[in-house]
Amino acid sequence: MADNSLQAQLRELQAQVTALTESLAEQGDAAAGRLRKRTTAAMRDASHTAEEVADYARSEAESVAGIVREHPAATSTALLTAGLIGGLLGYLIGSSQAPHHPHRRWY
């Protein structure tokens with residue numbers, strides 16, 4: 001009798017484990033489906049945003065190119081000035097960070 005009761009409890013436990021496993025599998029499938037939908041939506045939104053950014057950048061580049069075509073002298077002057085200022089700042093920063101070696105010979 002004790003064996004029958006123990007076997008019945010084991011069968012009931014196995015049935016519960018099987019039901020729990022099936023339930024977890026269903027919940028996992030549902031979660032994976034929701035995640036897949038969210039990921040697809042996020043990728044679609046990111047793609048749309050990237051297209052908008054590319055269109056904006058293209059539009060701005062065309063605008064700048066038009067200004068450069070209309071005013072080539074002013075553009076070259078501005079670029080030359082920016083280059084000189086950048087070079088001067090780079091020289092000043094580099095020379096201020098260079099270690100001084102008073103005993104080092106230059107020849």
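How many helices and strands does the secondary structure of the chain come to?

## Overall fold

The count is two helices and zero strands. This is a predicted model. Helix α1 covers residues 2–70. Helix α2 covers residues 72–97.

The chain has 107 residues, and 3% of them count as buried. It exposes about 9900 Å². Carbon and sulfur atoms supply 63% of that area.

## A buried threonine in helix α2

Thr-75 sits in helix α2. Its relative accessible area is 19%. The cut-off for buried is under 20%, so Thr-75 counts as buried.

Which residues does Thr-75 touch, leaving aside those up to four places away in sequence? They are Ile-67 and Val-68. Helix α1 runs over residues 2–70, so both partners of Thr-75 fall within the residue range of that helix.

## The salt bridge in helix α1

A search of the whole structure turns up one salt bridge. Side chains of opposite charge can pair when their charged atoms come close. Here the partners are Arg-58 and Asp-55. Their closest N and O atoms are 2.9 Å apart.

Both residues belong to helix α1. They are three residues apart, about one turn of the helix. Is Arg-58 buried, exposed or partly exposed? Arg-58 has a relative accessible area of 46%, so it is partly exposed. Asp-55 is also partly exposed, with a value of 46%. Partly exposed covers the range between the 20% and 50% limits.

## A nonpolar surface patch

Four residues form a nonpolar patch on the surface: Leu-6, Leu-10, Leu-13 and Val-17. Together they have about 360 Å² of accessible area.

Val-17 is one of the residues of helix α1. Its relative accessibility is 46%, so Val-17 counts as partly exposed. Patch residues need over 30% relative accessible area, and Val-17 at 46% meets that condition.

## An exposed serine in helix α2

Ser-96 is placed in helix α2, the element that spans residues 72–97. Its relative accessible area is 58%. Exposed means over 50%, so Ser-96 is exposed.

Which backbone oxygen lies 2.9 Å from a polar atom of the Ser-96 side chain? That oxygen belongs to Ile-93.

Notes:
Residues numbered from 1 in each chain as written. Predicted model: local features only at pLDDT ≥ 70, side-chain atom pairs only at ≥ 80, totals over all residues. Heavy atoms only, no water. Helix = DSSP H or I, 4+ residues; strand = E, 2+ residues; numbered from the N terminus. Buried < 20%, exposed > 50% of the residue type's maximum accessible area, 1.4 Å probe, protein only. Contact = heavy atoms within 4.5 Å. Patch = residues over 30% accessible without salt bridge, like charges linked within 9 Å, V, L, I, M, F, W, Y side chains within 5 Å. Areas by Shrake-Rupley, 256 points an atom, 1.4 Å probe, with all protein chains shown as cover. Salt bridge = Lys/Arg side-chain N within 4 Å of Asp/Glu carboxyl O. Polar contact = N/O pair within 3.5 Å; in protein donor to acceptor, adjacent residues only side chain to side chain.
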